[in-house]
Amino acid sequence: MPKSKRNRQVTLSKTKKKGRDHKEAVVNGIKEAAEKYECVYVFSFENMRNQKFKEFREQLKSSSRFFLGSNKVMQVALGRSAADEISPGIHKVSKLLRGDAGMVFTNLSKEEVERLFKEFEEYDFARTGSLATEKVDLKEGPLEQFTHEMEPFLRKQGMPVRLNKGVVELVSDFVVCEEGKPLSPEAARILRLMGIKMATFRLHLICRWSRDDFELYIDGPDESDVECS
């Protein structure tokens, strides 16, 4: 009997080496970018959508380079203090890499970067656990937006429905979600079926560093806190 591929052993040394090599590649990439580009921005993100972010990154490919991943690795690459920073003052950037954050090195003008990030906004369907942006409730009666084949699926999502002469009918009022409360898996599926998008993928600039100056875009740590090493 042939051996299952699932039972194939992988040595820990190989997995560790691969992880180390990837981290070294990121660190080297950041150091190269710091020399090549004029500025670096730290940005935060909410409701990340990988495909949309990839498209945004491709749009700026000729003038910029993005880094998104382990904040710790990016901090090590930049330097965490004035003593080990790779460029004067860039350790201030390192201190602002927290939570859902990334970096973009660029030669674009300050005005152009600010415009691109301000205008970037993509609406999408909310996922399980996201906070509902509005209350959605359905009134008793026919649900003509759903075909009769969908009636069993809707019942599985907890909706009190039945078929009435081939039409999906809600036998009592039903609340899909409440504003400000996390979406259940069932609510997220129902909203998708209804075409209601509650998630907005946004990017927010946190700071800007160049060889000449440093600028904070958000209310956060005082610049004196960022200054200290």
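This tour proceeds from one helix to the cavity beside it, and then to selected salt bridges and a buried serine. The structure is a predicted model.

**First stop: helix α5**

Please select residues 110-119, which make up helix α5. Within α5, display the side chains of Val113, Leu116 and Phe117, all three of which are buried. They span an arc of only 95° around the axis, and therefore lie on the same side of α5. Now turn to the face directed away from that buried side: here α5 carries the exposed residues Glu111, Lys118 and Glu119.

To see what covers the buried residues of α5, add several further elements to the selection. Among them are the strands β1 (39-46), β2 (64-68), β3 and β10 (199-210), together with helix α2.

**Second stop: the cavity**

Keep Val113, Leu116 and Phe117 in view, and add Leu60, Ser64, Val104, Thr106 and Leu108; these eight residues line the largest cavity. The search counts one cavity of 30 Å³ or more, and the space within the largest cavity amounts to about 30 Å³.

Which element gives the largest share of this lining? It is α5, with three residues. Strand β3 (101-106) also supplies at least two lining residues, as does α5. Colouring the lining by residue class will show six nonpolar residues, two polar residues and no charged ones.

**Third stop: salt bridges at α5**

Return to the start of α5 and select Lys110 together with Glu215. The two form a salt bridge, with the closest N and O atoms 3.7 Å apart. Lys110 belongs to helix α5, whereas Glu215 is in strand β11 (residues 214-216), so this pair ties together parts that are 105 residues apart in sequence. Are these partners buried or exposed? Lys110 counts as partly exposed, because its relative accessibility is 27%; Glu215 is likewise partly exposed, with a relative accessible area of 25%. Add Glu114 to the display as well: Lys110, Glu114 and Glu215 are linked in a network of salt bridges.

**Fourth stop: further salt bridges**

How many salt bridges does a search of the whole structure find? The total is 11. One of them joins Glu122 to Lys52, where the closest N and O atoms are 3.9 Å apart. This pair links distant parts of the chain: Glu122 is in strand β4 (residues 121-124) and Lys52 in helix α2 (residues 50-59), 70 residues apart. Glu122 has a relative accessible area of 26% and is partly exposed. Lys52, at 32% relative accessibility, is also classed as partly exposed.

Next, select Lys139 and Asp137, whose side chains meet in a salt bridge with an N to O distance of 3.9 Å. Lys139 counts as exposed, at 54% relative accessibility, whereas Asp137 is partly exposed, with a relative accessible area of 35%.

**Last stop: Ser94**

Finally, select Ser94, which lies in helix α4 (residues 91-94). Its relative accessible area is 2%, so Ser94 is buried. Which residues are in contact with Ser94, leaving aside its neighbours within four places in sequence? Display Gln75, Leu78, Gly79 and Arg80 to see these contacts.

How values were computed. Residues are numbered from 1 along each chain as its sequence is written. This is a predicted model: local features need pLDDT of at least 70, side-chain atom pairs count only at pLDDT 80 or more; totals for chains, interfaces and linings use all residues. Side-chain values use heavy atoms; hydrogens and water are left out. A salt bridge is a side-chain nitrogen of Lys or Arg within 4 Å of a carboxyl oxygen of Asp or Glu. Helices (H or I, at least four residues) and strands (E, at least two) are DSSP runs, numbered from the N terminus. Buried means under 20% relative accessible area, exposed over 50%, partly exposed in between (1.4 Å probe, protein chains only). On a 1 Å grid over the protein atoms alone, a cavity is a set of points where a 1.4 Å probe fits but cannot get out, and a pocket is an open set with protein on both sides within 12 Å along at least five of seven lines; lining residues have an atom within 4 Å of a point. Grid points are joined across faces, edges and corners, and a volume is the space filled by probe spheres set on the points. Ala, Val, Leu, Ile, Met, Phe, Trp, Tyr, Cys and Pro count as nonpolar, Asp, Glu, Lys and Arg as charged, and the others, Gly among them, as polar. Contact means heavy atoms within 4.5 Å. The arc is that of the directions from the helix axis to the C-beta atoms.
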